[in-house]
Amino acid sequence: MPDQSKLDRLNAELDTRRDDLIALTQDLIRIPTLNPPGENYRLICEYLEARLKPRSFNCELIRAFETPGDSEKYPRWNIVARREGAIKGDCVHFNSHTDVVELGQDWTRDAFGGELDGDKIYGRGACDMKGGLAASIIAAEAFIDTFPEFSGAIEISGTADEETGGFGGVAYLAEKGYFAPARVQHVIIPEPLGLDCICLGHRGAWWAEIETKGRNAHGSMPFLGDCAVRHMGAVLTEMETSLYPLLSSKRTDMPVIPKGARQSTLNINSFHGGQEEPDPDFTGLPSPMVPDSARMVIDRRFLIEENFEDVQAEIYDVLEKVKSERTDFDYKVREIQQIHPSMTAKDAPVVTSIAAAIEKTLGKPAEYVVSPGSYDQKHIDRIGHLKNCIAYGPGILELAHQPDEYVEVSAMLDSAKVMGHSLCDLLLE
Ligand SMILES: [Zn+2]
């Protein structure tokens, strides 16, 4: 850790930038980057470029051509801004996603107004994660101005599509080498995990669609057909009897929050059988049909202790057991996506550095957590092969994706101090 006088200087500098931090956060919230469909990515990248270029950041705007969702109407734009230090050394990269999720109902504030009320700034993305992006920018700028002789480099990226898998954002950049260990050594993702929490990684996920097959017939003579929904019912029964008890018996040593997620879980994301749902304005009646197909999408979250092949095999075991018990039972499994668990070691340099900075700034030891769902760390780990990556940022995780989402100015400022201290630790002699 650098000496106290340096940290004091940086803290004092950050305190003078409180208004700037508020204005920056408001500006970011006022650019509505809803995803889907993925609006205004270019605009927010240009905003960040206009902010960082005059501060000697080399800015690259990168479109993720032909990734899912990319089109002329909704191009997937990303920005990577890099500021070189005075001498060679490590690069610390702050990665934030610029997209926000749909608004939903029940807002009492202007969702894209960036309204400041007391210590809170309201708006979609305030907490997840434009507040974190703003805090990392302020931290980097204050650090650079206070210690222009720093070594190494600082990068700030604003990336698309995290909320929809990150393929037009971090995954694309990782494929293009932007997270290659030769270029970047430390990654901090300022997602809203809580001020004193270091998020080491996330559980894995396997999404798949299961289809059961049947045969159409007139609904008055169902014995002439074969009901796909009843077959799926048997699958659900078998899941309840054998699979769910098995999953809840699998515990993990990963410090997942909330604690209920320290086990394997399975969500049935959707279920559909038989005729399509009619349009809401259709006033007619359905026709009598025996369904020939039923489909459900499963979302299986798995642990670092589990083997991915076993995760798949458990589902096939359920389907094969039902098949052995029912005549004419047939099924299909279509994989939608697989995400492998990621967990950075507690003694990795970025972890120990942020942990020491939390202790110094907040006067309490850091808490280590793992996210129940995944975020862009998956791509930095799997595609970029960079293991020295964490999520650390301001904001309350539970507020993410909620109506009247907000971020606290004091939390942003404190987290900027933690990030700034970590920069002192990693980039000053
Ligand atoms: Zn997020």
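# Exercises on a two-domain model

Let's begin with a pair of strands: strand 9 (residues 204–213) and strand 12 run antiparallel and are joined by eight bridges. The model is a predicted one, where local features need pLDDT of at least 70, side-chain atom pairs count only at pLDDT 80 or more, and totals for chains, interfaces and linings use all residues. Residues are numbered from 1 along each chain as its sequence is written.

**Exercise 1. Work out which sheet strand 9 and strand 12 belong to, and what packs on it.**

Step 1: get the terms straight. Strands (E, at least two residues) and helices (H or I, at least four) are DSSP runs, numbered from the N terminus. Two strands pair if DSSP finds at least two bridges between them.

Step 2: pick out one bridge. Isoleucine 210 has valine 333 in strand 12 as its bridge partner.

Step 3: lay out the sheet. Four strands make an open sheet in the order 10-11-9-12, and the pairing is antiparallel. Strand 10 (265–273) and strand 12 (331–339) are at the edges with a single partner strand each, so one side of each has no neighbour in the sheet. From one strand to the next, the twist averages 15 degrees.

Step 4: add the helices. Helix 6 (residues 228–248) lies across strand 9, strand 10 and strand 11 (293–302), at about 175 degrees to strand 10. Helix 7 (residues 308–325) packs on the sheet too, touching strand 9, strand 11 and strand 12, and makes about 160 degrees with the direction of strand 12. These angles run from 0 to 180 degrees between N-to-C directions, with axes as lines fitted to C-alpha atoms, for helices over the stretch in contact.

**Exercise 2. Find the partners of strand 8, and say whether its residues are buried or exposed.**

Step 1: check the cover. Strand 8 (residues 197–202) is mostly covered, with six of its six residues buried. Buried means that 20 or more other C-beta atoms, placed from the backbone, lie within 10 Å of the residue's own; exposed means 12 or fewer, and partly exposed is in between.

Step 2: look at the parallel side. Strand 8 and strand 14 (residues 367–371) run parallel, joined by five bridges. Here glycine 201 stands opposite valine 370.

Step 3: look at the antiparallel partner. Two bridges link strand 8 to strand 13 (residues 342–343), where glycine 201 stands opposite methionine 343.

**Exercise 3. Describe how the two domains meet.**

Step 1: draw the bounds. Domain 1 covers 4–202 + 341–427 and domain 2 covers 204–274 + 285–339; such bounds come from an automatic or database domain assignment.

Step 2: take the distance. The centres of domain 1 and domain 2, over C-alpha atoms, are 37 Å apart.

Step 3: count the contact. Nine residues from domain 1 and 13 residues from domain 2 take part, where contact means C-beta atoms, placed from the backbone, within 7 Å. Strand 14 gives three residues, the largest share of the side of domain 1 that touches domain 2.

**Exercise 4. Sum up the whole protein.**

Step 1: count the elements. There are ten helices and 16 strands.

Step 2: give the extent. Along the principal axes, the C-alpha atoms fill a box of roughly 85 × 45 × 40 Å.

Step 3: add the burial. Of the 429 residues, 45% count as buried.

Terms used: Contact = placed C-beta atoms within 7 Å.
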